[in-house]
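User: I'd like to learn how to read a model like this one. Can you walk me through it, one feature at a time?

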Amino acid sequence: MQNYSFFMPTRVIHGERELVKQAGLLKQLGNRCLLVTGKTSARVSGALDDAVEALKSQGIEYELFDQVENNPSLENVGAGGKAARKFRPDFILGIGGGSPLDASKAVAVLAVNNIEPEELYRNKFDNPPLPIVAVPTTAGTGSEVTPYSVLTHNELETKKSFSVPELFPRIAFLDWRYTEKLPLSITRDTALDALSHLVEGYLSRKAIGTSDFLAERGMKLWAKCLKGLREGALTPEDRDLLLVASTLGGMVIAHTGTTLVHALGYPLTYYHGLPHGRANGLLLGEYLRFSAQYVPERVNDVLAWLGLKDIGEFSRIMGELAGPMVGLTGEEVKQYAAKAAATKNAAQSQGDVTETVLQRILECS
Ligand code: NAP
Ligand code: ZN
C-alpha cells in the first residue's frame, strides 16, 4: 500500500463565459487587479474582453501588463513585477498560454517582495504571493492548476522553475472558446505538451493513486481528439476535451513533476527555439521505449488508453504532429544530456537515467 497526499487547492470552473458569469468570485479577491498577458493572445482569444467585462461589472480597478514574452525570462517577469509594485494590485489575473500564466505567478511574488527576479529560485518569500486567477488560452501546459512557474534563465542558458504551494491559482476558468483561434501548429504543439504531462506523470517515480486516475482519464480524453489533431480540423468538442485533458495533465504533474522528457526539451527550446510542447513530443517515443524496460505494464497502459498498438505507431504519430527533429551536432548532444542529467526532472524518471542514456534518447529522437 502506498501512502500519499493529494493537494489541489485551485477552484476549476469549466464552461462558456463563466469568467463573466462568476465575476463575483473576483471581487472576493480584492478591489485592484493587474492583468498579465502576452502581446496578442489575450485579445485575439476574446478572453481579455471577458475579463475586462467581469472586472468592470464588479467595480474592480485594473491595469494591464501585456508584455509577457514566450518562454518568459527573469528580466521579463522583473518588468512585470515593477509594474505590479507601482500599481499595488490585490490580485493577479493571468490570461494566455503557459508563458503569461507562469509570468503571472512570478509577478504575484514580485508584487509584494522587492527582490531580484533571480531570488525567485529561493522558493521562500517574506510575503506570500498575491492570489492568482488563471485563464488559459492554450490547451497544453496545465499551468492553471500547478504551483510551478518555468522561467528562462539566460545566465544558466536554460529554463528553470520555481515553486511554492501559494502559486496554485485560486481560480482557473476553462473556456474552450479562448482556444478556438489558435493556429493549427500551436494547437498541436500545446496538445503534445498536455500529452507529455499525462504520460510522464503516469510513468514518473512520484506517481500516486490519484495522479494515475487523472492521467488515465486525461489520456482517454486526449485520444478522442487525435483524429482532429491529425487531420487539422478540430471541432468545438475536441477543443473542450483537449482543454480538460490539459488541466488534468497539470493536476498530474503538480504531484509527480515531469521527467527526462522535459529535462531534455528545455535545451531544445533554449538553443533551437523549438516550442515547448513540440520539443517534448519529439522525445516522447524514445522515452516510452526506454521506460518499457522498467515499467512495461505502465507503457502498455499508455498505449491502450491512447488506442495505439505499439511504440512504433506512437512514435510515428508524434512525428506527424511535431514535424522533424532539429539536427544536433555530437557536441550539442553531449552538452544537452549533461544539462538534463543535472535536473531533478531527470531523476523523477523510472530507470537508470545516466548521461549516456540521455544522449542515446536525443540521438534516436
Ligand atoms: P505560450 O508560449 O504561452 O504561447 C505560444 C504562442 O501562442 C504565443 O505566440 C501566444 O501569443 C500564442 N497564443 C496563445 N494563446 C493563443 C490563442 N488563443 N490564439 C492565438 N494565439 C495564441 O505557449 P504554451 O505552450 O501555452 O506555454 C509554454 C510555456 O509554459 C513554456 O514557458 C513552458 O516552459 C511553460 N510550462 C509551464 C508549466 C507549468 O506547470 N507552469 C507546464 C508546462 C509548460 P502571445 O505571445 O500573444 O501570448
Ligand atoms: Zn510541459
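Analyst: Happy to. One idea up front: a polar contact is a pair of N or O atoms within 3.5 Å. Keep in mind, too, that this is a predicted model.

User: Okay, let's use that on the ligand. Which residue offers a polar backbone atom to a nitrogen atom of ligand 1?

Analyst: That's Tyr178, with 2.8 Å between its polar backbone atom and the ligand nitrogen. Gly98 also uses a polar backbone atom, this time 2.8 Å from an oxygen atom of ligand 1. Asp102 works through its side chain instead: a polar atom there sits 2.8 Å from a nitrogen atom of ligand 1.

User: And how many residues are around ligand 1?

Analyst: There are 29, and those that come nearest are Thr40, Ser41, Ser99, Thr138 and Lys159.

User: Now the overall layout. What domains does the chain have?

Analyst: The assignment gives domain 1, residues 11-178, and domain 2, residues 183-364. Their C-alpha centres are 25 Å apart.

User: How do I judge the interface between them?

Analyst: People often state the size of an interface as the accessible area lost when the parts come together. Here, domain 1 and domain 2 bury about 2100 Å² between them, with 63% of it on carbon and sulfur atoms. On the domain 1 side, Ala139, Glu157 and Trp176 lose the most area to domain 2, together 29% of what that side buries. Counting contacts instead, 26 residues of domain 1 meet 24 residues of domain 2.

User: What about polar contacts and salt bridges across that interface?

Analyst: The rule picks out 11 residue pairs in polar contact between the two domains, while the salt-bridge count there is 0.

User: Which strands supply the domain 1 side?

Analyst: β1 (11-14), β6 (148-153) and β7 (158-163) each supply at least two residues. The largest share, 4 residues, comes from β6. By type, the residues on that side split into 11 nonpolar, 11 polar and 4 charged.

User: How should I think about salt bridges in general, and how many are in the whole structure?

Analyst: Side chains of opposite charge can pair when their charged atoms come close. A search of the whole structure turns up 14 salt bridges. One pair is Glu18 and Lys21, at 3.5 Å from N to O.

User: Why are Glu18 and Lys21 about one helical turn apart?

Analyst: Because they are 3 residues apart in helix α1, residues 18-21.

Methods
Residues numbered from 1 in each chain as written. Chains lettered and ligands numbered in written order. Predicted model: local features only at pLDDT ≥ 70, side-chain atom pairs only at ≥ 80, totals over all residues. Heavy atoms only, no water. Domains from an automatic or database assignment. Contact = heavy atoms within 4.5 Å. Buried area = accessible area lost by both parts, 1.4 Å probe. Salt bridge = Lys/Arg side-chain N within 4 Å of Asp/Glu carboxyl O. Polar contact = N/O pair within 3.5 Å; in protein donor to acceptor, adjacent residues only side chain to side chain. Nonpolar A, V, L, I, M, F, W, Y, C, P; charged D, E, K, R; others polar. Near = heavy atom within 4 Å.
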